[in-house]
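Q: Please take a close look with me at one part of this model, the packing of a helix pair and what surrounds it. I'd like a connected account, with the cut-offs spelled out.

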Amino acid sequence: MKAPLKRSVLTLSLLSLCVGCAGTTTTTTTTESPAASPEATTAASPADSTASAPTISTDGDVIIASSLPMTGSSLGQTQTIVNSIQLALDEVNSTVCDGQMKVGFRTFDDATAAAGKWDPAQVTSNSNTIAADSKIVAVIGTFNSGAAKLAVPIFNPSNLLMVSPANTYPGLTKPGTGEKNEPDVYYPDGKRNFARVVPADDLQGVIAANWSKNLGAQKVYILDDQELYGKGIADVYDKTAKEIGLEIVGREGINAKASDYRALMNKIKDLEPDLIYFGGITQNNAGQLIKDMRNVGMTDVKFMGPDGIFEQALIDAAGQDAEGVYATFGGIPPKELTGKGKEWYDAYKAKFNSEPEPYAAYGYEAAQVVLAGINEVCEADRDAIRQAVMETKDFPGLLGTWSFDENGDTTSTTMSGNVVKDGKWTFAETLDVK
């Protein structure tokens, strides 16, 4: 077995002290869009469901690919992840192994304009294309846990590593936390090829339930968007809430394509909850849920969701009704980071002249750990890179030092609570797992 990533971590850490001093990687496109690098790309308004980002494609001895929803309202979030990956590459001039290996970068969009979000058929198509390209030695993605469920088993037979900056569904990695056949069903060859740098929902759901109680809630109605991520975190919230004495007055899954939810909200209103918890993502009509909750008169009822709604797109969708909405996040918002995290935040702001969305830090973290793995192996060897990254120990990350455990989960458990105040997401407090 290869030694843990210590030598390469130190190498990359020293290189990253020169934040932003390396030249920008030249970018071309594989679509008809004009050539664009991340710093030249302007993310379209999250409200525009047809908005999409140009494809980035740079060549090298080895290539890192990203697989994220770059069309629709997720673009505001995912563009900052791509920017952060590019920043990590720029810091080392897109080279590893003392400059002997060039690292290329290629982006894949797993969303479609028709869906307005990630699309299962697109995920499958992209994953097959990526797996067939022997130059691609690692993938940073996916953004949605349901997409990971499709991509990981496609990559597994070819030992292609995927490191996610955002997938939080526990069943992807942790035995006994999801369906009976999970997580083994995602690893047909028996080797783990998926890791994540963000804490999983079995921690976030617990955090959210305890925070709800600390905010004064006693009676809760639970909704979910019926997707893998949303239902999964709602299940954890439900179980924990009952264990700590919260009364669950009802629960159901929503139709994410409904034009309005007034009938549902009137039914919930009659049950007099203190808080509505929504397990789901912005793109599954979270904004309309909030609007209709306020429209039927539940102005004093709190609304809380997970990191799937912790983005500017939620505020854009709900408008002024988003004021006072709560969201948990598996980390600390970018502008609240200190130490190495603050160095990254300042470098991002200087390079892109914009605020990074919450998952941008994890895009950078994922890129850093993948580069460290390639730097240790110094060959276009998927299996060796997979093994090196999966054995990461004592990594000096943006949120402190962490390791991957035997399941590919980060040992970092730092989380935060956030609230919309004056039309912006505002850090409320650091939350601890109990």
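In which sense does helix 2 pass helix 11, left-handed or right-handed?

A: Happy to. This is a predicted model, in which local features need pLDDT of at least 70 and side-chain atom pairs count only at pLDDT 80 or more, while totals for chains, interfaces and linings use all residues. Residues are numbered from 1 along each chain as its sequence is written, and side-chain values use heavy atoms, with hydrogens and water left out.

The crossing of helix 2 and helix 11 is right-handed (the near helix is turned clockwise from the far one by less than a right angle; anticlockwise would be left-handed). Helices here are DSSP runs of H or I with at least four residues, and strands are runs of E with at least two, numbered from the N terminus. Helix 2 covers residues 75-91, and its axis lies 7 Å from that of helix 11 at an angle of about 40°. Axes are lines fitted to C-alpha atoms, for helices over the stretch in contact, and angles run from 0 to 180 degrees between N-to-C directions.

From helix 2, Thr80, Ile81, Ser84, Ile85, Leu87, Ala88, Leu89 and Glu91 meet Ala360, Gly363, Tyr364, Ala367, Gln368 and Leu371 of helix 11 (contact means heavy atoms within 4.5 Å). Sorted by class, this contact has nine nonpolar, four polar and one charged residues; Ala, Val, Leu, Ile, Met, Phe, Trp, Tyr, Cys and Pro count as nonpolar, Asp, Glu, Lys and Arg as charged, and the others, Gly among them, as polar.

Now for the sheet. Its six strands are ordered 2-3-1-6-7-8, forming an open sheet with mixed pairing (two strands pair if DSSP finds at least two bridges between them). Strand 2 (95-96) and strand 8 (194-196) are the edges, each pairing on one side only. Strand 1 (residues 62-68) runs parallel to strand 6 (residues 136-141), joined by five bridges, and Ser67 has Gly141 of strand 6 as its bridge partner. Helix 11 (residues 360-377) packs on this sheet, touching strands 1, 2, 3, 6 and 7, and its direction makes about 165° with that of strand 6.

Helix 4 also lies across strand 6, together with strand 7 (161-164) and strand 8, at about 155° to strand 7. The axis of helix 4 (residues 145-155) comes within 9 Å of that of helix 3 (residues 120-132), crossing at roughly 25°. That crossing is right-handed too.
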